Amino acid sequence: MCAARKKREPAQPARKLPGLIDAHTHLTSCGAWEPEAAKPLLERAADAGVTNICTVGDGFDECVAAVNLARQFDELVAAVAIHPTRAKELTDEVKAALATLAKDPNVVAIGETGLDTYWIDKSEDCADIDTQQQALAWHNELAIATGKTLMIHNREADELLLDALADLPRAREVMLHCFSSPLEVATEAIARGYVLSFTGNVTFAANDELREVAKRVPPGQLLVETDAPYMTPVPHRGFRNEPAIIGHTALCLAEVRQEPVETLIGHVRETYARVFNLTLQ
Ligand SMILES: [Zn+2]
């Protein structure tokens, strides 16, 4: 099983897998705010077969940087929002600026927005749940107004989030990034037509239930992402994640789904193109 590989070594790409896609990463958090800094990351990703990447801003400055990067590189698109833990930063001024930024053709999704109860008690800076709910509703409106995908962050908020999404008008597509919830949440999300995006934690030894979830997701509702620099897949836990090593996650998903990795990549490409309204080469 993919989860059994535990050896520690510097993060290296898996074997070259042409056509791979990273549907959610944070190039700015990987240190790449400017094109010059992004270049080596993108070159390493391209060498590993990665053809397309969506980079996500967590705060307004990161969103501006993400869009600037996406303007520079053909393989890059951007998602913009204020992260739920930072929802206090969503002032009227920021809302106006984000709404303008969201119209950029390089922006394919509004996110990550959503709910995070994990940090509420642990960090004074974390927005309370009401502020997060209001920010989610505002971002959802922006997704609908721009016709772009709603990209959701959920940490320890399964029930609250499913309820909130059910109460809000529906965006064109809803993508649950870093999907890590139990099977019953997955079943409901799949029934609602949401897209579940899996990251490196699906390779972790302890995450049998998540692999069980990954097995059951219909091909048109599954994406793969790094969420770099976080969530580094086995066998490189403890090292910094980056788009070039997404192959480990794709290979694990293909193994649990008992399909050739090329088949998985083909489905992921179709889903990515549909969800982000892109024509892939
Ligand atoms: Zn993320």
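Where is the place of N277? I looked this up first and found N277 in the segment after α9 (261-275). I noted that the model is a predicted one.

**Entry: N277 and M231**

I recorded for N277 a positive phi of about 55 degrees, although N277 is not a glycine. I then asked whether N277 is buried or exposed. Its relative accessible area is 61%, so N277 counts as exposed, the cut-off being over 50%.

I found a positive phi also at M231, about 60 degrees, and M231 is not a glycine either. M231 sits in the loop between β8 and α8. With a relative accessibility of 29%, M231 is partly exposed.

**Entry: the zinc ion**

Which residues coordinate the zinc ion? I listed H24 (NE2), H26 (NE2), E112 (OE) and D227 (OD), at 2.1 to 2.2 Å. Along the chain, these donors follow the spacing H-x1-H-x85-E-x114-D. Two of the donors, H24 and D227, link distant parts of the chain, being 203 residues apart. I placed H24 in strand β1 (residues 20-25) and D227 in the loop between β8 (222-224) and α8 (247-256).

I next examined the angles among the four donor atoms, which run from 87 to 175 degrees. The site is irregular. For four donors to count as tetrahedral, all angles must lie between 85 and 135 degrees, so the value of 175 degrees rules that class out. As general background, the ideal angle for four tetrahedral donors is 109.5 degrees.

I also checked accessibility at the two donors that are far apart in sequence. H24 has a relative accessible area of 0% and is buried. D227 is buried as well, at 8%.

**Entry: two cis peptide bonds**

I found that the peptide bond from G111 to E112 is cis, with omega near 10 degrees. E112, one of the zinc donors, lies in strand β4 (residues 107-116). Another cis peptide bond joins A228 and P229, with omega about 10 degrees. P229 belongs to the loop between β8 and α8.

**Entry: H153 and H177**

I consulted the UniProt record, an unreviewed entry, which lists H153 and H177 under "binding site". Why can the two be said to gather at one spot? They span 25 residues in sequence, yet their C-alpha atoms are no more than 5.9 Å apart, so they gather at one spot. Of these residues, H177 is included in the lining of the largest cavity.

I located H153 in strand β5 (residues 149-155). H153 is buried, with a relative accessible area of 11%. Its side chain makes a polar contact with the side chain of E112 at 3.0 Å. The residues that H153 touches include H83, P84, D116 and H177.

I located H177 in the loop between β6 (174-176) and α6 (183-191). H177 is buried, at a relative accessible area of 4%. Among the residues H177 touches are H24, E112 and D227, which I had already listed as donors to the zinc ion.

**Entry: T55**

I found T55 in strand β2 (residues 50-56). Its relative accessibility is 1%, so T55 counts as buried, the limit being under 20%. What does the side chain of T55 reach at 3.0 Å? I identified the backbone nitrogen of L27. T55 also touches several other residues, including H26, A66 and V77. H26 is itself a donor to the zinc ion.

Note on methods:
Residues are numbered from 1 along each chain as its sequence is written. This is a predicted model: local features need pLDDT of at least 70, side-chain atom pairs count only at pLDDT 80 or more; totals for chains, interfaces and linings use all residues. Side-chain values use heavy atoms; hydrogens and water are left out. UniProt positions are given in the numbering used here, feature names are shortened, and annotations may be inferred rather than shown by experiment. On a 1 Å grid over the protein atoms alone, a cavity is a set of points where a 1.4 Å probe fits but cannot get out, and a pocket is an open set with protein on both sides within 12 Å along at least five of seven lines; lining residues have an atom within 4 Å of a point. Helices (H or I, at least four residues) and strands (E, at least two) are DSSP runs, numbered from the N terminus. Buried means under 20% relative accessible area, exposed over 50%, partly exposed in between (1.4 Å probe, protein chains only). Contact means heavy atoms within 4.5 Å. A polar contact is a pair of N or O atoms within 3.5 Å; within protein, one must be able to donate a hydrogen and the other to accept it, and residues adjacent in sequence count only if both atoms are side-chain atoms. Donors are N, O and S atoms within 2.8 Å of the metal (3.2 Å for Na, K and Ca); water is not among the atoms, so sites may look incomplete. Four donors count as tetrahedral if all angles lie between 85 and 135 degrees; four count as square planar and six as octahedral if opposite donors are over 155 degrees apart and all others between 65 and 115; anything else is irregular. Lists of a residue's contacts leave out its neighbours within four places in sequence.
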